[in-house]
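Reader: Hey, can you walk me through this one? I'd like to start with a strand and then wander about a bit.

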Amino acid sequence: MAVAPSSVSTSTIISTLLANLALFGVFVGCFIVLRLKFKRIYSPKSSFDLVPEEKKPEPLPKDPFRWIFILLTKPDSFFLQQAGLDGLVFLRYIKTFGTLFLCALLMYIILLPVNATNGNHNKGFDQLSIANVKHPRRYYAHVLMGLVFNGIVIFVIYRELFFYNSLKNAVLSSPKYAKKLSCRTVLFQGVPDSLLDEKQAFKIFNGVKRVYVARTARELEYKVEKRAAMVTKLENAENKLMKMAVKSKLKADKKGIILEPVDEISSYVSEKKRPKMKVGGFFSSKVDTIRHCQEQIPILDKEVKKLQKKFRHSMPLNSIFVEFENQYYAQLAYQSTVHHNPMRMSPRFIGLEPKDVIHSNLRMFWWERITRRFLAFAAIVALVVFWAIPVAAVGTISNITFLTNKLPWLRWILKMPHALLGLVTGLLPTILLSLLMFLLPIIIRVFARISGEISAVGVEKWTQNAYFAFLMVNGFLVTALASSATATITEIIDKPTSAMSILANKLPLSSNFYISYLVLQGFSIAGGSLFQVVGLFLYYILGTLFDNTVRKKWNRFSGLGTVAWGTVFPIFTQLASITLAYSIISPLILVFAFASFFLVYVAYAHNITYCFVEGPDAFGSHYPRALFQTFCGIYLGEIVLLGIVVVGKGWGPIVIQVIVLLATIFAHGHLNLAFDHLRDVVPL
């Protein structure tokens, strides 16, 4: 017997919720049991001397649950101290929108009764969405609630932009930051040949302390890398030799044999067993690795020093680093229009750490930069378009039961037990969607470098924009439309002239898929982040297998992880946007969004303060980008609601909704105009 669509959607959510609750319970249970024993994984910053004293937080209590309340009551200053400006603003984003979704539950008083008591006889959770509303007069409740809620969200975004701007200026003007070399140094690209001279910058700017002209150094870089590889090879060979000698000595001691001379390794390891290597290719004869490296390292060292002396005479690239006496002079130069010709002494950057600069991109001419940006953008667009095919297939799975009317060979799916059917249509698509998104950040970061981004921070910013666009198109729009189209394809075939009306009525039903998606992200991802199964595997499994020297063991022990904000921010910006898009037409999503954001906040508050160290310092600049990107969710929610009321012919609600949409566009444009320039500078 066929199962009603609404009951399937309800069982889907319940099955997904139960499965993720079970998985969450396993992850959190493992974390609670293991966190006190495996301190290197779960509290390395507070348990070992791996970070500066001011970055060392107070250890959390041993109580299984009291640590949660301690984290929730920590002030912003604590997270700023331990996680930097980037970590603080990320937690603030999660907390801000989690609080908004909690407060928005008050709309249930009006929207749930309006949806549940009218007309279309939907069952289960679908009864609580706008799809169950038949009478157009009832749309007044939705458009007015949307007006109030979206107005509050836009006001909160304005206040957060204001807060970030003030906090960023206060932090960057503090002595700790203002005296940093990165905050006093400006990188200029597109420098004309006449200005590629250390002396010219002193004539152009005030307060110049030093000038560094970027120069070609391929041979020097090659020699340095070869020397480092040779040192590593020598260290590995010596460790291997020592292990062989120790084993040989232990065997001799067991047998009571004394090998002479006692203090010579040659007594324990014969010449034939010493580590060997081939120098001249596969067909060359083997040589002693240790002796060869000991001979070659001093030679390479001399070559490196010789090339370093010649570095100032190498061919200059068209970029210069200008170090100023203080931050004031650096900001004056950064905010000034330096050259009278276009694309000269531009673009310029400030706040770059030396280790974060991508030196291979320093040599680009303006025309090359434009070409590479266009090619990288075209590649991302192509990726978005072609990736839609497998993503649409995932969306189809979430509502595959609706196709059984026209495809009888699929009806065996309906014979599954309710719980299993819910897992197949709810949990399976969300897992597949997550797996599809796993490889994308790697590809996008490659395109970011190709586009000409000059630093690790620039790569993360480029990735944030591209990844969010990708997630919204393929992770939301394509999946939602495919899910809705699948759910209604048989009705559209029977009544093709009513396609728009059918889709408008059924689109809210696709919210069930995203409720499952939010549950997956909130419960499984938050629990998995706490459990840190990847960290356990890398440290205890791979470390045991591959760390065969003291240096490797120390690097593994002391090397703490960082957060890649370019891919972390878009994930939760997308979740916030999805929630905002469905908040009025399917308000049930709000309670799941709040639960997800709460759990994510707890997990990340713990990890970024007790487990991870700061990566490339973007000075919190990912936050305003995320806030502006969140407008995408507001627009989608307003446009979908407008389409629903247009199909329903509620003329009064149509007028109100058009005004709301125009007001949102006005607010968005003026907020961008007001804060765009302030995001990148420190006011004089």
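**Strand, cores and empty space**

Author: Sure, let's start with β1: T185, L187 and Q189 point one way from the strand, V186 and F188 point the other way, and all of them are buried. Keep in mind that this is a predicted model.

Reader: Why would the side chains split up like that?

Author: In a regular strand the side chains alternate between the two faces of the sheet.

Reader: OK, and how many residues of β1 are buried?

Author: Five of its five residues, which span 185-189, so the strand is mostly covered.

Reader: Which strands does β1 pair with?

Author: β5, residues 316-324, is joined to β1 by five bridges and runs antiparallel to it. β6 also pairs with β1 in the antiparallel sense, over three bridges.

Reader: What does V186 face in β5 and in β6?

Author: Its bridge partner in β5 is V322. In β6, V186 stands opposite I350.

Reader: Zooming out, how many helices and strands are there?

Author: The protein has 25 helices and six strands. Of its 684 residues, 50% are buried. Among contacts with a separation of 6 or more, 80% are between residues 24 or more positions apart.

Reader: Which residues touch the most other members in the largest nonpolar core?

Author: F90, Y93, F97 and I157 do, in a core of 109 residues. The element that gives the most to this core is α22, with 14 residues. Apart from it lies another core of 19 residues, and V186 is among them, along with V191, L195 and V213.

Reader: Why do such cores turn up at all?

Author: In soluble globular proteins, nonpolar side chains tend to be buried together.

Reader: What is Y93 in contact with, beyond its sequence neighbours?

Author: Leaving aside residues within four places, Y93 contacts F569, F572, T573, A576, Y623, A626, L627 and T630.

Reader: Switching to L80: where is it, and is it buried or partly exposed?

Author: L80 sits in helix α5, residues 76-103. It has a relative accessible area of 26%, so it counts as partly exposed, given that buried means under 20%.

Reader: And what does L80 touch?

Author: Not counting residues up to four places away, L80 touches K55, L85, L88 and V171. In space, L80 and T609 are 9.5 Å apart, C-alpha to C-alpha, although 529 residues separate them in sequence.

Reader: Any odd backbone geometry I should look at?

Author: There's a cis peptide bond from S346 to P347, with omega near 0°. P347 is in the loop between α12 and β6. For phi, Q532 is near 55°, a positive value in a residue other than glycine, and F619 also has a positive phi, near 55°.

Reader: Why flag those?

Author: Because most residues other than glycine have a negative phi, and most peptide bonds are trans.

Reader: Where do Q532 and F619 sit, and are they buried or exposed?

Author: Q532 lies in the loop between α18 and α19. F619 lies in the loop between α22 and α23. Q532 has a relative accessible area of 12%, so it is buried, and F619, at 12%, counts as buried too.

Reader: Now pockets. How much space lies in the second largest one?

Author: About 990 Å³. It is lined by 40 residues, and those nearest its centre are Y334, R348, F349, K461 and D680. By class, the lining has 16 nonpolar, 13 polar and 11 charged residues.

Reader: Which element gives the most to that lining?

Author: α16 does, with five residues.

Reader: How many cavities of 30 Å³ or more are there?

Author: The count comes to two. The largest cavity holds about 110 Å³. It is lined by 14 residues, and A83, W565, V613, E614 and G615 are the closest to its centre. Helix α5 gives the most to this lining, with six residues, and by class the lining has eight nonpolar, four polar and two charged residues.

Reader: And what lines the second largest cavity?

Author: That cavity has about 50 Å³ of space. Its lining is G146, N150, L580, S583, I584, G637, E638, L641, Q657 and V660. The largest share, three residues, comes from α24. By class, this lining has four nonpolar, five polar and one charged residues.

Note on methods: Residues numbered from 1 in each chain as written. Predicted model: local features only at pLDDT ≥ 70, side-chain atom pairs only at ≥ 80, totals over all residues. Heavy atoms only, no water. Helix = DSSP H or I, 4+ residues; strand = E, 2+ residues; numbered from the N terminus. Buried < 20%, exposed > 50% of the residue type's maximum accessible area, 1.4 Å probe, protein only. Contact = heavy atoms within 4.5 Å. Core = buried A, V, L, I, M, F, W, Y, C linked by side-chain atoms within 4.5 Å. 1 Å grid on protein atoms, 1.4 Å probe; cavity = no way out; pocket = protein on both sides within 12 Å on 5 of 7 lines; lining within 4 Å. Points joined across faces, edges and corners; volume = space filled by probe spheres on them. Nonpolar A, V, L, I, M, F, W, Y, C, P; charged D, E, K, R; others polar. Pairing = 2+ DSSP bridges.
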